[in-house]
Amino acid sequence: MAESVEVHSADGSFMNMLKYDGRYYVTHFVGNVKDHLAAIDVMDVREDDTFILSYPKSGTHWAFTLASMLRTGETAYRGSPTFLDYTDMQTIDNLPSPRVLATHLTFDFMPKQVKEGKGKVVAIFRNPKDVITSLRTFGKKMDHKDFQKVYKTTWEGLLEFYMDGRIFYGSWFEYIQNWDKVRREHKETNILYLTYEDMIPDLRSHVQKLAVFLEVTFGPEFLDTVTEKCTFRNMVTEATKAVAPSKQWKDMTSQKTLPIYRKGEVGDWKNFFTVSQNEQFDQVYKEKIETSSFSFRFE
Ligand code: A3P
């Protein structure tokens, strides 16, 4: 079962996490990690289940909101998804259909039935420089004193953890390498691959693609409405109206709104990476991702 660990960077930044089987998890992962992973493995999947898979800060809430609207036919804003990672199996089993569940676990930790082709997986990816830039601010918004006891990093410290993989859900590079394997080996057609940078300039065509993938048969007007509701501007407005974020967020932040939305742009990393940090990053990126089937736009 998982052990509680604290990692430290050269400049004194630290993070408390759970470590199980060589991997790092956030401390609010269910139970001792091992048992919950086992429960996910044998989970009863429904034909109309949708799983949103992402590395943190890659557009999870965006994909969740789009998929929820298309699955239910309702365009009400739903805030944060139910995460497989942080929700006990009984609660998940009791959710009404259609379920749209999110997770930062990789595909190899999905329920057996999903690997056999049941349910749908929407995997969303984002360039790693904007991912860590987004995480930087997200960490700052988690200003509850209890969270500060388990997570305190400078930008340099965060980059160090991110680059060497001593971070929840592991290194982004390994995450992508893992997905490369899935792309090669998974023979079922129940995975849709989305890229954050492609969705920014052309959300409408992605709404269409998602609707086809989820096999929902709404007309173009509904798809237009979903597109409009899921622009960054509209999601920020809705999140601001939601005065009471779920308990998960209340426990971590003093903000009254969901601490997810920031800039919603491609290329903001340029405002944070120094020239030398960027060169080092590019070097590692080249080494680890050169042969990947994924490619990313950084601006
Ligand atoms: P930024 O911090 O760069 O703004 P996640 O949901 O995985 O935590 O990802 C959060 C990131 O997705 C944040 O990035 C957030 O602003 C961005 N995001 C959420 N909804 C979006 C939308 N409708 N359009 C563009 N970006 C969105």
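## Ligand surroundings and helix packing

A polar side-chain atom of Arg262 lies 2.7 Å from an oxygen atom of the ligand. This distance, like the others in this report, comes from a predicted model. The backbone takes part in the ligand's surroundings as well: a polar backbone atom of Gly264 is 2.7 Å from an oxygen atom of the ligand, and a backbone N or O atom of Ser58 lies 3.1 Å from a ligand oxygen atom. The ligand is surrounded by 19 residues, of which Thr60, Ser134, Tyr196, Lys263 and Gly264 come nearest. Gly264 therefore appears both in that nearest group and, through its backbone, at 2.7 Å from a ligand oxygen atom.

The table lists three pairs of packed helices.

| Helix pair | Angle between axes | Distance between axes |
|---|---|---|
| α2 (residues 60-72) and α11 (residues 220-229) | about 155° | 10 Å |
| α5 (residues 128-141) and α7 (residues 155-164) | about 130° | 11 Å |
| α10 (residues 203-213) and α11 | roughly 120° | within 9 Å |

How are α2 and α11 oriented to each other? With an angle of about 155° between them, and with angles over 145 degrees counting as roughly antiparallel, α2 and α11 are roughly antiparallel to each other. The crossing in which α2 passes α11 is right-handed, and the contact is formed by Leu66, Met69 and Leu70 from α2 together with Phe222, Leu223, Val226 and Lys229 from α11. By class, this contact of α2 with α11 holds six nonpolar residues, no polar residues and one charged residue.

Helix α11 also packs against α10, and here the axes cross at roughly 120°, so that α10 and α11 are oblique to each other. The crossing of α10 past α11 is again a right-handed one. On the α10 side the contact is made by Leu203, Arg204, Val207, Gln208 and Ala211, and on the α11 side by Pro220, Leu223, Asp224, Val226 and Thr227. Sorted by class, the contact of α10 with α11 has six nonpolar, two polar and two charged residues. Leu223 and Val226 of α11 take part in the contact with α2 and also in the contact with α10.

In the third pair, α5 and α7 pack at an angle of about 130°, which makes α5 oblique to α7. Their crossing is right-handed, and the contact brings together Pro128, Val131, Ile132, Thr133, Leu135 and Arg136 of α5 with Trp155, Leu158, Leu159 and Tyr162 of α7. Which classes make up the contact of α5 with α7? Its residues divide into eight nonpolar, one polar and one charged.

Two backbone details in loops complete the account. The peptide bond from Ser97 to Pro98 is cis, with omega near -5°, and Pro98 is placed in the loop between α3 (89-94) and β6 (100-103). Asp21, although it is not a glycine, has a positive phi of about 55°, and Asp21 is found in the loop between β2 (14-20) and β3 (23-25).

Conventions: Residues numbered from 1 in each chain as written. Predicted model: local features only at pLDDT ≥ 70, side-chain atom pairs only at ≥ 80, totals over all residues. Heavy atoms only, no water. Axes fitted to C-alpha atoms, helices over the stretch in contact; angles between N-to-C directions. Helix = DSSP H or I, 4+ residues; strand = E, 2+ residues; numbered from the N terminus. Parallel < 35°, antiparallel > 145°, perpendicular 65-115°, else oblique. Left-handed = near helix turned anticlockwise from the far one by under 90°. Contact = heavy atoms within 4.5 Å. Nonpolar A, V, L, I, M, F, W, Y, C, P; charged D, E, K, R; others polar. Near = heavy atom within 4 Å. Polar contact = N/O pair within 3.5 Å; in protein donor to acceptor, adjacent residues only side chain to side chain.
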